[in-house]
Amino acid sequence: MAGIGVLLSLSAHYVVFSANGLMIYREKRRTSQELDRQIKALQQQNSAMEQEIKALKTDPKTIEKEARERLHYTRPGEVVYSLPTAPAAAAQPKK
C-alpha cells in the first residue's frame, strides 16, 4: 500500500514539475498570450502605416500637408512667417 502511495506521489510530481509538466505549460501559455498581444499590436500598427502610405501616394491633401510641413513648400503668393526658437540657455531664468 505504501508503494502505491509513493508511486502516485512520484507520478504527481512528474506531471507537475517535469519538462512538459503543468508549470512549464502555464509559463508557455502565458508567453504565447503575450506574443499574441504583440502580434495584434504590430498588425494594427502595420495597417495604420499601410493606410498612411496609400494616402501619401494618392491623396492630394496628404501630399500637400507633408510637402508644407517637411519641405516648407508654399503656394504661389503665400507668405510664411516663422518665429525664431529661443535658445535653451535664454529660456531659463537667471538667478
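Trainee: I'd like to start with one side chain. What is the relative accessible area of Tyr25?

Mentor: It helps to know the classes: buried means under 20% relative accessible area, exposed means over 50%, and partly exposed is in between, with a 1.4 Å probe and protein chains only. Tyr25 comes out at 48%, so it's partly exposed. You'll find Tyr25 in helix H2. Do keep in mind that this is a predicted model, where local features need pLDDT of at least 70 and side-chain atom pairs count only at pLDDT 80 or more, while totals for chains, interfaces and linings use all residues. Residues are numbered from 1 along each chain as its sequence is written, and side-chain values use heavy atoms, leaving out hydrogens and water.

Trainee: How confident is the predictor, and which elements have the lowest and the highest mean pLDDT?

Mentor: Read pLDDT as the predictor's confidence in each residue, from 0 to 100. The average for this protein is 86, and 92% of the residues score at least 70. Among the elements, H4 has the lowest mean, 60, and H2 the highest, 95.

Trainee: Which elements does the protein have, and in what order do they run?

Mentor: Elements are DSSP runs numbered from the N terminus: helices are H or I with at least four residues, strands are E with at least two. Here you get four helices and zero strands. From the N terminus on, the order is α-α-α-α.

Trainee: How do I judge the overall shape, and what is the radius of gyration?

Mentor: That radius is taken over C-alpha atoms and set against the globule rule, 2.2 Å times the number of residues to the power 0.38. For 95 residues the rule gives 12 Å, but this protein has 31 Å, well over that, so it is more spread out than a compact globule. Along its principal axes, the C-alpha trace spans about 100 × 55 × 10 Å. Buried residues make up 5% of the 95 residues.

Trainee: And helix H1: how many of its residues are buried?

Mentor: Zero of its 16, so H1 lies largely in the open. You can check its length too: the expected span is 1.5 Å times one less than the number of residues. For H1 that gives 22 Å, and its end C-alpha atoms are 22 Å apart, which agrees.

Trainee: Back to the surface. Which residues make the nonpolar patch?

Mentor: Patches are built from residues with over 30% relative accessible area and no salt bridge; like charges are joined within 9 Å, nonpolar side chains (Val, Leu, Ile, Met, Phe, Trp, Tyr) within 5 Å. Areas come from the Shrake-Rupley method with a 1.4 Å probe, and for residues only the protein chains shown count as cover. Tyr14, Val15, Leu22 and Tyr25 make a patch of about 450 Å². Helix H1 (2-17) and helix H2 (22-58) each give two or more residues to this patch. The whole protein exposes about 9300 Å², and carbon and sulfur atoms supply 61% of that area.

Trainee: How many salt bridges are there?

Mentor: A salt bridge is a side-chain nitrogen of Lys or Arg within 4 Å of a carboxyl oxygen of Asp or Glu. That rule finds six.

Trainee: Why would partners in a helix be four places apart?

Mentor: An α-helix has 3.6 residues a turn, so residues three or four places apart point the same way. Take Glu64 and Arg68, whose closest N and O atoms are 2.9 Å apart. They sit four residues apart in helix H3 (residues 60-71), about one helical turn. Lys65 and Glu69 pair up as well, at 3.6 Å, and they too are four residues apart in helix H3.

Trainee: Where does Glu78 sit when it pairs with Arg68?

Mentor: The Glu78–Arg68 bridge has its closest N and O atoms 3.0 Å apart. The pair links distant parts of the chain, with Glu78 in the loop between H3 and helix H4 (88-91) and Arg68 in helix H3, ten residues away. Shared partners join Glu64, Arg68, Arg75 and Glu78 into one network of salt bridges.

Trainee: What is the phi of His72?

Mentor: Most residues other than glycine have a negative phi. His72 isn't a glycine, yet its phi is positive, about 60 degrees. His72 lies in the loop between H3 and H4, and at 64% relative accessibility it counts as exposed.
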